[in-house]
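Q: I'm new to this structure and would like a close look at one part of it. Could you walk me through it in a friendly way?

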Amino acid sequence: MGRAPLHDWALTPGQAIALQRQLATRVEHRDRLDPVSHIAGVDIGFEEQGTITRAAVVVLAWPPEDPSSGPTLVERVVHREPTRWPYIPGLLSFREVPAALEAFARLTIRPQLVMVDGQGIAHPRRLGVASHLGLWLDLPTIGVAKSRLCGRHHEVGPERGDWTPLVDGDESLGVVLRSRAGVKPIYVSPGHRLGIESAREWVVRCLGRTKLPEPTRLADRLASRRGPL
DNA sequence: GCGACAG
DNA sequence: ATCTTGTCGC
């Protein structure tokens, strides 16, 4: 018997949960990343009443040449395919990762860091979409979610950059970060090959004037077909 | 049994 | 996530 496959998308929810428990043991919680020259952002959108899944990946040059205008977009890919799973809280990766992998396969640049729309280890079984994708890509990933899936936290300070720990019992899952004054905070958790501190630092470094860090913000717009990039 | 619940 | 109109504010 070898190790369980990194993914098998034809699973029942029960089998998917068992697979998550297996894969979670392979997630690396300590920093292991190469010098960063490119950061990718990933997000998934839907078309045709949800029957079509649309995966978008953007690659930004790092560090930015012109800090005032944010990092430069150097590559982008959109991949469409039939939707294969319904949305089930806790099993999001089985719906989104397959399409994201197809989009990554068409990238000519291999980024050293990936930011994903969703949770990393801040997940009931510690395998959110960012962690699952990170294992498959064998790249450091960070989960950047717009709302909470699990864990508890105190209220976050009002200033941009303020943050508070996201915890579950005695486990630290990530941080809740005020990415912009006056707006709901975002949930940042390591996906793979990164610690909580580094995950937070990278997200703060990629913050522009908006709520979401640039990689995720641009991927979001590309996935949902809104506004120019 | 009841409430919570990424996108 | 997506659908969907106007509205408030820089």
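What volume does the second largest pocket have? Please also tell me what lines that pocket, and then what surrounds the DNA.

A: Happy to help! Please keep in mind that this is a predicted model. The volume of the second largest pocket comes to about 220 Å³. Its lining is made up of 15 residues, and P67, S69, G70, G208 and E214 are the closest to the pocket's centre. Sorted by class, the lining of this second largest pocket holds six nonpolar, five polar and four charged residues.

For context, let's turn to the largest pocket, which encloses about 320 Å³ of space. Here 20 residues form the lining, with Y87, L92, G118, Q119 and A145 lying nearest the centre. Two elements, α2 (92-105) and β5 (141-145), supply at least two residues each to the lining of the largest pocket. The classes in that lining are nine nonpolar, eight polar and three charged residues.

Y87 brings us to the DNA, since this residue is also among those that come nearest to DNA strand B, together with G90, K146, S147 and R148. In total, 18 residues are found around DNA strand B; by class they are seven nonpolar, five polar and six charged. Helix α2 appears again here, giving the most to the surface near DNA strand B with three residues. On the DNA side, 52% of the strand B atoms within 4 Å of the protein belong to sugar or phosphate, and the rest belong to bases.

Some individual atom pairs fill in the picture. In the side chain of Y87, an N or O atom is 2.5 Å from a phosphate oxygen of DNA strand B. The side chain of R148 likewise has an N or O atom 2.5 Å from a phosphate oxygen of DNA strand B. With L91 the partner is a base: a polar backbone atom of L91 is 3.4 Å from a base nitrogen of DNA strand B.

DNA strand C has G45, F46 and K146 around it. A polar backbone atom of F46 is 3.2 Å from a phosphate oxygen of DNA strand C, while K146 uses a polar side-chain atom, which lies 3.2 Å from a phosphate oxygen of that strand. K146 is also one of the residues that come nearest to DNA strand B.

One last stop is A56, in strand β2 (residues 52-61). A56 counts as buried because its relative accessibility is 0%. Beyond its neighbours within four places in sequence, A56 is in contact with residues including G41, V77 and A219.

Methods
Residues numbered from 1 in each chain as written. Chains lettered and ligands numbered in written order. Predicted model: local features only at pLDDT ≥ 70, side-chain atom pairs only at ≥ 80, totals over all residues. Heavy atoms only, no water. Helix = DSSP H or I, 4+ residues; strand = E, 2+ residues; numbered from the N terminus. Buried < 20%, exposed > 50% of the residue type's maximum accessible area, 1.4 Å probe, protein only. Contact = heavy atoms within 4.5 Å. 1 Å grid on protein atoms, 1.4 Å probe; cavity = no way out; pocket = protein on both sides within 12 Å on 5 of 7 lines; lining within 4 Å. Points joined across faces, edges and corners; volume = space filled by probe spheres on them. Nonpolar A, V, L, I, M, F, W, Y, C, P; charged D, E, K, R; others polar. Near = heavy atom within 4 Å. Polar contact = N/O pair within 3.5 Å; in protein donor to acceptor, adjacent residues only side chain to side chain.
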